[in-house]
Amino acid sequence: MNTDTDPAPDTESELSAQRCGLVAIVGRPNVGKSTLLNALVGQKISITSNKAQTTRHRITGIRTVGEAQFVFVDTPGFQDKHATALNRTLNRTVLSSLGDVDVVLFVVEAGRFGLPDAKVLSLLQAESMQGKPVLLIANKLDALARRQDVLPWLKQMQERHAFAEFVPMQATRAADIERLLGIVQPYLPEQPWFYEEDALTDRSERFMAAEMIREKLFRLTGDELPYSCTVVIDKFQEEGALRRIAATIVVERDAHKGMVIGDGGERLKRIGSEARQELERLWDAKVFLELWVKVRSGWADDEAHLRSYGYE
Ligand SMILES: Nc1nc2c(ncn2[C@@H]2O[C@H](COP(=O)(O)OP(=O)(O)OP(=O)(O)O)[C@@H](O)[C@H]2O)c(=O)[nH]1
Ligand SMILES: [Mg+2]
């Protein structure tokens with residue numbers, strides 16, 4: 001072969017070959033997985049909060065750049081502290097999300113690696129995961145007091161696992177997100193896209209409505225409450241550019257009901273109005289949202305109830 005000439009051009013079809021792959025985002029609770037997903041997709045698809053265990057479902061977020069289609073899969077923070085039915089279900093969701101992925105983004109906080117992180121890493125080292133590239137995403141770099149500490153820490157991480165890439169970054173920084181997309185792209189297999197070019201998620205509008213309400217519950221109520229709440233959509237009607245939604249917030253105890261409603265209904269009103277604004281932004285449509293609160297004790301520890309509330 002004559003190596004003096006320009007590199008042999010690939011055929012037309014090879015040059016424009018589509019890439020598409022599933023990219024799982026996993027890690028312990030609260031490391032910033034959903035924040036990362038939203039930034040990668042460029043739209044708020046997955047709810048976030050400063051409380052652990054915000055995400056309770058497998059959320060797909062899609063981003064197409066040039067010939068590459070990234071299908072990101074956000075997962076609940078894997079945790080082992082409380083063995084409730086809800087937690088077992090959440091962990092199952094993480095495990096089943098890993099099966100058919102092409103790449104894994106293992107998210108930790110830069111400079112930190114504790115037992116909960118190690119538990120997640122051990123899942124990634126299972127036999128069934130052999131050969132799948134795992135990228136170490138060292139997130140919240142901005143929160144690290146001494147930036148120079150990250151290098152020795154990365155060296156230690158190198159010894160823990162044969163990570164395919166090491167990416168110290170900040171999920172809330174646009175330049176880091178662009179860089180990460182570039183790093184992940186070569187790991188996507190060459191194959192036709194799974195979704196339309198402008199697709200954002202495979203989740204329904206009904207589902208997104210319940211999630212946005214749950215986010216406001218997480219953000220606007222005290223520490224214990226979010227874990228004992230779930231949201232059920234009772235009515236979802238589309239009338240032209242208008243969505244009429246009625247939803248019930250299900251809580252464990254009477255006292256919780258009071259906390260959700262607040263003085264003179266103030267808090268419930270705020271939850272409703274913030275969720276409504278979020279949905280109007282997402283859909284670019286007008287939304288009427290009606291909220292109710294209902295007590296059903298033990299819902300979080302009842303597998304049958306969990307299924308009826310949409311937990312897989
Ligand atoms: N300083 C800083 N905070 C971040 C960064 N990324 C995420 N956060 C914050 O970390 C908190 C948790 O973010 P989430 O995205 O909800 O975390 P998660 O890993 O999805 O959490 P679970 O769904 O509960 O497992 C939120 O308060 C985010 O604003 C970052 O790069 N820097
Ligand atoms: Mg999350």
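**Close-up views of a predicted model**

**View 1. Strands β1 and β3 pair in parallel.** In β3, Phe70 is the bridge partner of Gly21. The model shown here and in every view is a predicted one. Strand β1 covers residues 19–26. Seven bridges link β1 to β3.

**View 2. Strands β2 and β3 run antiparallel and form a hairpin.** Strand β2 spans residues 59–65. Seven bridges hold the pairing of β2 with β3. Thr64 sits opposite Gln69 of β3. Two residues separate the two strands of the hairpin. In the turn, Gly66 has a positive phi of about 60°.

**View 3. Strand β3 is largely enclosed by the rest of the structure.** β3 runs through residues 68–74. Seven of its seven residues are buried, so the surrounding structure largely encloses the strand. Which residues point one way from β3, and which the other way? Ala68, Phe70, Phe72 and Asp74 point one way. Gln69, Val71 and Val73 point the other way. All of these side positions are buried.

**View 4. The shell around ligand 1 holds 24 residues.** Gly32, Ser34, Thr48, Thr55 and Gly77 come nearest to the ligand. Which helix gives the most to this shell? Helix α2 does, with three residues. Helix α2 covers residues 33–41. By class, the shell has 15 polar residues, six nonpolar and three charged.

**View 5. Domain 1 meets domain 2.** The domain assignment places domain 1 at 12–187 and domain 2 at 205–308. Their C-alpha centres are 28 Å apart. Ten residues of domain 1 contact 14 residues of domain 2. On the domain 1 side that touches domain 2, five residues are polar, three nonpolar and two charged.

**View 6. The protein chain as a setting for the close-ups has ten helices and nine strands.** Its C-alpha trace spans about 80 × 50 × 35 Å along the principal axes. The radius of gyration is 21 Å. A compact globule of 312 residues would have one near 20 Å, so the chain agrees with that expectation. Of the 312 residues, 36% count as buried. Take the contacts between residues at least 6 apart in sequence: 71% of them join residues at least 24 apart.

Methods:
Residues numbered from 1 in each chain as written. Chains lettered and ligands numbered in written order. Predicted model: local features only at pLDDT ≥ 70, side-chain atom pairs only at ≥ 80, totals over all residues. Near = placed C-beta within 6 Å. Helix = DSSP H or I, 4+ residues; strand = E, 2+ residues; numbered from the N terminus. Nonpolar A, V, L, I, M, F, W, Y, C, P; charged D, E, K, R; others polar. Rg over C-alpha atoms; globule rule 2.2 N^0.38 Å. Buried ≥ 20, exposed ≤ 12 C-beta atoms within 10 Å, placed from the backbone. Contact = placed C-beta atoms within 7 Å. Pairing = 2+ DSSP bridges. Domains from an automatic or database assignment.
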